[in-house]
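Colleague: Could you take me through how to read the features of a model such as this one, beginning with how far to trust it and then going on to its strands, its core and its charged pairs?

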Amino acid sequence: MNKTLLSVAVAASLVAGASLGFSQTATAADYEIEITNATHSQPFAPNFLIFHDDAFSLFAPGGAPSFELAALAETGDPGPLDTLHSGSFDTAIVAGANFPLTAPFETATVQVTTDEEYMSAVAMLIATNDGFYGVRGVKLPDSGSITVYAPAYDAGSEENNEASGDVPLTNQGNSKDAGTNAGDGEGYVHIHPGIFGVGQLKPVEYDWKNPVAAIKITRLP
């Protein structure tokens with residue numbers, strides 16, 4: 001199942017290091033979000049951030065992935081998630097300086113204004129079939145900074161064949177519709193087991209140990 005990294009429309013809309021703002025209310029606050037790739041060789045696709053209330057869950061470990069989450073995890077495209085949720089919550093798509101990727105040891109930064117209290121974030125690990133980092137329901141700080149660490153998850157939507165034709169990092173010139181291989185994966189979101197070398201990906205180049213991302217959230221004055 002060939003896949004491309006990003007749709008042209010989404011790629012064209014991204015701005016590395018963008019500063020995004022949302023509708024301000026009396027209780028809105030400004031935050032700076034810094035996402036650091038802590039792997040040695042796994043670039044991140046553009047990061048999807050959503051600011052929400054305590055009842056919302058972007059994904060559930062042990063639960064089936066949504067089509068939109070599978071699209072991000074398989075192709076790197078955050079567009080479907082953004083389209084699904086941007087009408088209800090504040091969202092942001094954040095590219096790294098190595099546009100549109102966040103390379104290992106690189107930090108992608110964005111400033112947002114929101115009146116929501118919680119944040120969740122996801123992005124695809126590019127040299128995987130359907131791997132992504134994820135944090136869920138992080139309470140935004142009332143002051144100062146907090147740092148949270150994200151593990152890598154497997155969306156469970158695609159078989160981990162590690163074939164070059166099914167991995168965006170090695171197959172950016174082709175296309176794939178996420179979800180067309182439904183049932184080939186495990187069927188539920190779980191901690192990613194890593195790269196085993198069953199296909200063209202070499203563990204010595206692309207494997208990792210958790211956590212894979214450090215996310216610093218600072219409430220601005």
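Modeller: The turns below take up confidence, strands, core and salt bridges one after another.

Colleague: What is the mean pLDDT of the chain, and where does pLDDT stay under 50?

Modeller: This is a predicted model, and pLDDT is the predictor's confidence in each residue, from 0 to 100. Here the mean over the chain is 88, with 82% of the residues reaching 70 or more. Residues 15–19 stay under 50, although the model has 12 contacts beyond four places in sequence for them, and pLDDT also stays under 50 over residues 173–182, for which there are 26 such contacts.

Colleague: In what order do the strands of the open sheet run, and which are the edge strands?

Modeller: Six strands form the open sheet, in the order β3-β2-β5-β6-β8-β9 with antiparallel pairing, and the edge strands are β3 and β9 (190–191), each of which pairs on one side only. At the β9 edge, two bridges join β8 (residues 152–154) to β9 in antiparallel fashion, and Asp-154 stands opposite His-190 there. Helix α2 (residues 67–75) packs on the sheet, where it touches β2, β5 and β6, and its direction makes about 45° with that of β5.

Colleague: How are the residues of β2 placed, buried or exposed, and which strands does β2 pair with?

Modeller: Residues count as buried when their relative accessible area is under 20%; six of the six residues of β2 are buried, so the strand is largely enclosed by the rest of the structure. Asn-47, Leu-49 and Phe-51 point one way from β2, whereas Phe-48, Ile-50 and His-52 point the other way. Five bridges join β2 to β3 in antiparallel fashion, with Phe-51 having Asp-90 as its bridge partner in β3. Five bridges likewise join β2 to β5, again antiparallel, and there the bridge partner of Leu-49 is Ala-121.

Colleague: Which residues have the most contacts inside the largest nonpolar core, and which element gives the most to it?

Modeller: The largest nonpolar core has 33 residues, and those with the most contacts inside it are Ile-33, Leu-49, Met-119, Tyr-133, Ile-215 and Ile-217. Among the elements that give two or more residues to this core are β1 (29–37), β2 (47–52), β5 (118–124) and β10 (213–219), and β1 gives the most, with four. Leaving aside residues up to four places away in sequence, Ile-33 touches several residues, including Leu-49, Phe-51, Met-119, Ile-215 and Ile-217. A second, separate core of 16 residues includes Ile-50, Phe-56, Leu-58 and Ile-93.

Colleague: How many salt bridges does the structure hold, and which residues do they join into one network?

Modeller: Side chains of opposite charge can pair when their charged atoms come close. The structure holds two salt bridges. In one of them Glu-117 pairs with Lys-139, the closest N and O atoms being 3.7 Å apart; Glu-117 lies in the loop between β4 and β5 and Lys-139 in strand β6, so the pair ties together parts that are 22 residues apart in sequence. A salt bridge also joins Lys-139 to Asp-142, at 4.0 Å from N to O, and through shared partners Glu-117, Lys-139 and Asp-142 form one network.

Colleague: How do these three residues stand, buried or exposed?

Modeller: Glu-117 is partly exposed, with a relative accessible area of 46%, and Lys-139 also counts as partly exposed, at 36%. Asp-142, at 61% relative accessibility, counts as exposed.

Definitions and conventions
Residues are numbered from 1 along each chain as its sequence is written. This is a predicted model: local features need pLDDT of at least 70, side-chain atom pairs count only at pLDDT 80 or more; totals for chains, interfaces and linings use all residues. Side-chain values use heavy atoms; hydrogens and water are left out. A nonpolar core is a set of buried Ala, Val, Leu, Ile, Met, Phe, Trp, Tyr and Cys residues joined through side-chain atoms within 4.5 Å. Buried means under 20% relative accessible area, exposed over 50%, partly exposed in between (1.4 Å probe, protein chains only). Contact means heavy atoms within 4.5 Å. Two strands pair if DSSP finds at least two bridges between them. Axes are lines fitted to C-alpha atoms, for helices over the stretch in contact, and angles run from 0 to 180 degrees between N-to-C directions. A salt bridge is a side-chain nitrogen of Lys or Arg within 4 Å of a carboxyl oxygen of Asp or Glu.
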